Amino acid sequence: MAARLPHRGRRRIVAACSAGWLALPAFPLAFAGRVALAQDDKPFSPFITTPSNTVMRMLSIASVGKDDHVIDLGSGDGRIPITAALKFGASGAGVDLDTRLVDVSNRNAAEAGVAARVRFERGDVFAADVRKATVVTLYMLPPIIQGLRPVLLRQLRPGSRIVSHDFPFDGWQADAIETFFAPEKNNGRGGDSTVFLYVVPAEVHGRWALTLSGSSPEDLPRGALELRLLQVNQVLDAEMTVGRQVLEARDARLAGDRLRFAAVLPVRAGGPPVMPWQFEGRVDGETIAGIARNPRGAEVRWQARRTARR
Ligand SMILES: C[S@@+](CC[C@H](N)C(=O)[O-])C[C@H]1O[C@@H](n2cnc3c(N)ncnc32)[C@H](O)[C@@H]1O
């Protein structure tokens, strides 16, 4: 069911906010209805604040530090970017449709002494420029979260983190999930918060021509190696071939631009006929470079160049 938040109601919310975010009473509107509201025909999430201990957990699970730029989409009273600056040394920004909340947030940033590092602007989250973000935070209803996913994946660099409070992305396995008690939730009655962490994966789907070079030539396989990666977000299926021979490849995983997988390769000469190798590498667009190690202590460099995207 779609509903429109009465304008008068929204005025009251903003009046409550203008006292400053530390003094904010927990907002009485239950998020439990979980309906997407429409305002000016834009998808909308009502204003409800993330409890302060949940804000800290969101920033901690994303390992926010002084080099991070944290953008909160639908930033409400600004508490997430302001806390990121105040407690974690990060810079930050926020975007909200509500001009009055944006003004409140900028005032709160000034009061907290972080206005030089944190700015809030009025805007629609779907039009937001998040290319500078290393961390994006969300407390939005599912239709908005789902709609934002392609927007975020188009703009964010591999390794950027997205943290969502209470609402996961459909069809994207989170890299970490934490559920804990938040005393401020439900208007001070308390309740559980869940935070979902997603690390933006590099895009690696396709076929890669792989070469090995290094100090242990007798362990290296004969023939041209091809790596085939089937990607669903950060989860990968890997297949390795040398010539016409299909080899065992397993445990392929992406963490941002870091790829790892294991493969059992035939050796060039001497020793056992096959050798397990642990591959680790960094993805940079159409190339991957890294180190492969085997249990005999051999360490070789490897490089891969994408030859097809399917
Ligand atoms: C649930 S509140 C979250 C506030 C803050 N992020 C927090 O966690 O405390 C959602 C906020 O998103 C804003 N909002 C909803 N839909 C939006 C949209 N399409 N574009 C920009 N802001 C939006 C609302 O005005 C509201 O402040």
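In this predicted model, a helix axis is a line fitted to the C-alpha atoms over the stretch in contact, and angles between N-to-C directions run from 0 to 180 degrees.

**Exercise 1. Describe how helix H2 and helix H3 are packed, starting from their axes.**

Solution. Begin with the geometry: the axes of H2 (residues 52-61) and H3 (residues 79-88) come within 10 Å and cross at roughly 65°. Angles of 65 to 115 degrees count as roughly perpendicular, and H2 and H3 are therefore roughly perpendicular to each other. The sense of the crossing completes this step, for H2 and H3 cross in a right-handed way. Turning to the residues, H2 contributes Val 55, Met 56, Met 58 and Leu 59, which meet Arg 79, Ile 80, Thr 83, Ala 84 and Phe 88 of H3. Sorted by class, this contact of H2 with H3 has seven nonpolar residues, one polar and one charged.

**Exercise 2. Work out which strands stand at the edges of the open sheet of seven strands, and place H3 relative to that sheet.**

Solution. The strand order is S5-S4-S3-S6-S7-S9-S8, and the pairing is mixed. Strand S5 (118-122) and strand S8 (176-182) each have a single partner strand and stand at the edges, so one side of each is left without a neighbour in the sheet. From one strand to the next, the twist averages 20°. Within the sheet, strand S6 (residues 135-138) and strand S7 (residues 161-165) run parallel and are joined by four bridges, with Ile 162 in S7 as the bridge partner of Val 136. Finally, H3 packs on the sheet, where it touches strand S3 (69-73), strand S4 (91-96), S5 and S6, and the direction of H3 makes about 175° with that of S4.

**Exercise 3. Characterise the pairing of strand S14 with strand S15 and the turn between them.**

Solution. S14 (residues 249-255) and S15 (residues 258-266) pair in the antiparallel sense over five bridges; Arg 250, for instance, has Ala 262 in S15 as its bridge partner. The two strands form a hairpin with two residues between them, and in the turn Gly 256 has a positive phi of about 65°.

**Exercise 4. Determine which residues and elements surround the ligand.**

Solution. The ligand is surrounded by 23 residues, of which the closest are Thr 50, Gly 74, Gly 76, Val 125 and Tyr 139. The elements that give two or more residues to this shell are strand S2 (42-44), H3 and S4, and S2 gives the most, with three residues. By class, the shell has eleven nonpolar, six polar and six charged residues.

Note on methods
Residues numbered from 1 in each chain as written. Predicted model: local features only at pLDDT ≥ 70, side-chain atom pairs only at ≥ 80, totals over all residues. Parallel < 35°, antiparallel > 145°, perpendicular 65-115°, else oblique. Left-handed = near helix turned anticlockwise from the far one by under 90°. Contact = placed C-beta atoms within 7 Å. Nonpolar A, V, L, I, M, F, W, Y, C, P; charged D, E, K, R; others polar. Pairing = 2+ DSSP bridges. Near = placed C-beta within 6 Å.
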